[in-house]
Amino acid sequence: MVRRTHRCGELREEHVGREVVLNGWVDVLRDQGRGLVFLDLRDRTGITQVVFESGIDGEAMTLARSLRREDVAAVRGVVRRRAGGANPRLATGSIEIEAREVEVLNRAEQPPILPDDAEAAKMDEEVRLRNRHIDLRRPRMQQILGLRSKVTRIAREYFHERGFLEVETPLLIRSTPEGARDFVVPSRLHPGEFYALPQSPQLFKQILMVAGCDRYLQICRCLRDEDPRADRQAEFSQIDLEMSFTDREEVIETMGGFARRLWKETLGVEVPEIPRMTWTEAMNRYGIDRPDVRFGLDLVDVSDLVRESPFAVFADAVRTLHRGRPGCVKAIRVPGGAAALSRKATDALGEMAKSFGLGGLPLAKVTAAGFETGVAKHLEGIAAPLRERLGLAAGDLVLFGVGRWEVVCKALAEIRLRLGRDLGLIDDSVWRFLWVVDFPMFEYDEEASRWVALHHPFTAPMPGQEPLLETDPGACLSAGYDLVLNGSEIAGGSIRIHRREIQEKVFSLIGLTAEEADAKFGFLLRALRHGAPPHGGIAFGLDRVVMHLAGTDNIRDVIAFPKTQSGADLLCDAPSAIDEAQLKELRLSVRADPTR
RNA sequence: GGGGCGGUAGCUCAAUUGGUUAGAGUACCGGCCUGUCACGCCGGUGGUUGCGGGUUCGAGUCCCGUCCGCCUCGCCA
């Protein structure tokens, strides 16, 4: 094989006159007849046009004309200015290669798909995933792979500059309670026992801090056996970090700096100092702990206004206790919504409200005189305070979420987002970063009758709040922090508990007995006994960060070999049955489906 | 586990109310073409209509089941 001297996206006018060799794939062949053939040769750097003219020997011309899409070829020739005028759509468009010699390195069968971005956009994703080896040849896919590579490179640079040590943690670990469902791996040497694949390296990185590593970095795979979504995959990657002798301020400062450097070096975007919002404000104003603050449509609580209202739907909701906690009524004012939203549109929002567990979506149009349509007549008694609190003006539409606080928040948060999108209120060109802080340590799980860690059970209380663990756990704030970008959580972390008594207290609050805690997390508790420094950290969702930078809303676009909605890898057809001998060696047997 | 959408040629799609031999573009194959770059012109090959049942004189179309893909609720400390 003739080895290449350049890659297919590199040659420019300055190379004119040079003899070069290119290797690549046949993008397309434009055969003009026996005397003239154009070949577009492609590799991941781009496309270069090669010309075969009558001057070349007949055998080479015949070979050139036999080339087909996705064949692999080598071409030797001389760079020259384009005789037929430049092609502005190609980076190499002002030059072409006058071919002297061509070698076919490998013939391709007719490809099931072509590596064409425009085609791929229309194509069934299933077909692309089955033929990922071709799909990844597309310029867009190569660009994203390159972007992802750049992100991890910048991460290593940035954190190595700041004294972080890159350490690998195990993939085969023990299954622990709490959190997502574990993927599990049977042990051959310990029949009947299983490893779990890590949901994150959380405990290992904490132990690395106890072990004196000071600052830790890992670009690691995390595995959670839960159903995927458009932005979520069972197997995903994190840029995982931990720092010793630190506090919330230092972590936020360090990680904000990383985010700013990332955006600067990948997109050339200057991200200003990242503002903060408390969890309480986020929930009250947006109904969600990762608010998209690119637009308004804030939620406004009107529970107090409707409490004495004769409208039973509202008043009863506010008076009803849901497992000990009162319900609420929250409103969204949609400026100009009376005209902007059709009956069909508001009906769709109502359906959406129901799908999120609300009874419906009461609404009314605002007029100069009062309200009309929907629940208008029930609002008359509280018209004045409602107008004042929501700032209502004629032509507005007002929507109400009624019921359990959590349900109202979740449903109105989603409805707000949909309204923002449908009404064109969201500026896609802006990057609105936000630190969400001051999370509660726990929320109470009524069904299980115990506290559940909002973040995870290794998150420390805010300094000074430790006594609340004894007196009022529900009021205790944690030293956790989430980095939110345009309504998507791209990083989350916390200052960790480094004192054994506190950790034991938290375990007992979430319902673990001392024996259970010792059985499941004894290795952590033991480590905390032997000189654990104050420490904390964070993990960036690598896939999500790359999604944002690449401008895609599909996580599969930023993973070279992603899985489908059902957890299948269509390229290698995993998962699959294993043979009897493997099962026997593991002393496993597969039971029939008990539901059949 | 629930809800929604989809599955017809390698790919993207069409096919009236259930009715002739399931069509088109593209790709592919053959021929022609000396400045193309979505090359062009002429001709041709290509189908288990996801799979299995059922209804019917007749099913891509209707019914039942099932598989696969996407979106989503639950789930995701």
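These legends walk you through several close-up views of a predicted model.

**View 1. Strand β10 sits between two partner strands.**
Start with strand β10, which covers residues 235–244. Nine of its ten residues are buried, so the rest of the structure largely encloses this strand. Follow β10 to strand β9, residues 215–223, and you'll find the two pairing in the antiparallel sense over nine bridges. One spot to look for is Cys-222, whose bridge partner in β10 is Phe-236. Strand β10 also pairs with strand β24, residues 535–541, again in the antiparallel sense, this time over seven bridges. Here, Ser-244 stands opposite His-535 of β24. If you're wondering what holds such strands side by side, strands of a sheet pair through backbone hydrogen bonds, either parallel or antiparallel.

**View 2. Tyr-158 and Phe-258 bring two helices together.**
Searching the whole structure turns up 16 aromatic pairs. One of them joins Tyr-158 and Phe-258, with 5.6 Å from centre to centre and 45° between the planes, so it goes down as tilted under the rule that stacked is under 30 degrees and edge-to-face over 60. How many residues apart are these two in the chain? They are 100 residues apart, with Tyr-158 in helix α5 (residues 139–161) and Phe-258 in helix α7 (residues 248–267), which makes this a link between distant parts of the chain. Are they buried or exposed? Tyr-158 has 4% relative accessibility, so it counts as buried. Phe-258, at 0% relative accessibility, is buried too.

**View 3. More rings join the aromatic cluster.**
Now shift to Phe-159 and Phe-164, an edge-to-face pair with 5.0 Å between centres and 70° between the planes. Both Phe-159 and Phe-164 are buried. Step back a little, and ring pairs link Tyr-158, Phe-159, Phe-164, Phe-258 and Phe-540 into a cluster. Tyr-158 has a charged companion as well: the charged end of Arg-162 sits over its ring, 3.7 Å from the centre. You can find a similar arrangement elsewhere, where the charged end of Arg-416 sits over the ring of Phe-295, 3.9 Å from the ring's centre.

**View 4. The protein surface around RNA strand B.**
Which residues come nearest to RNA strand B? Out of the 56 residues around the strand, they are Asp-31, Glu-96, Glu-226, His-455 and Gln-565. Of the RNA atoms that come within 4 Å of the protein, 54% belong to sugar and phosphate. Sorted by class, the nearby surface has 24 charged, 17 polar and 15 nonpolar residues. Several elements each supply at least two of these residues, including β1 (19–31), β2 (36–43) and β21 (450–453). The largest share comes from α3, with four residues.

**View 5. Three side chains reach the RNA.**
Zoom in on Arg-232 and you'll see an N or O atom of its side chain 2.8 Å from a base oxygen of RNA strand B. Arg-65 has a polar side-chain atom 3.5 Å from a base nitrogen of RNA strand B. With Thr-564, the partner is a phosphate oxygen of RNA strand B, 2.8 Å from a polar side-chain atom.

**View 6. Backbone details in three loops.**
First up is the peptide bond from Ala-574 to Pro-575, which is cis, with omega near 0°. Pro-575 lies in the loop between α19 (542–550) and α20 (580–586). Next is Glu-70, a residue other than glycine with a positive phi, near 75°. Glu-70 is in the loop between α1 (58–65) and β4 (72–81), and its relative accessible area of 4% makes it buried. Thr-373 has a positive phi too, near 60°. Its loop runs between β17 (371–372) and α13 (376–379). At 40% relative accessibility, Thr-373 is partly exposed.

**View 7. An open sheet of five strands.**
Trace the sheet in the order β12-β15-β18-β16-β17, and you'll pass through five strands with antiparallel pairing. At the edges are β12 (299–301) and β17, each pairing on one side only. Strand β16, residues 363–366, pairs with β17 over two bridges. Look there for Val-366, which stands opposite Phe-371 in β17.

Key:
Residues numbered from 1 in each chain as written. Chains lettered and ligands numbered in written order. Predicted model: local features only at pLDDT ≥ 70, side-chain atom pairs only at ≥ 80, totals over all residues. Heavy atoms only, no water. Buried < 20%, exposed > 50% of the residue type's maximum accessible area, 1.4 Å probe, protein only. Pairing = 2+ DSSP bridges. Phe/Tyr/Trp six-rings, centres within 6.5 Å; stacked < 30°, edge-to-face > 60°. Lys NZ or Arg CZ within 6 Å of the ring centre and 35° of its normal. Near = heavy atom within 4 Å. Polar contact = N/O pair within 3.5 Å; in protein donor to acceptor, adjacent residues only side chain to side chain. Nonpolar A, V, L, I, M, F, W, Y, C, P; charged D, E, K, R; others polar.
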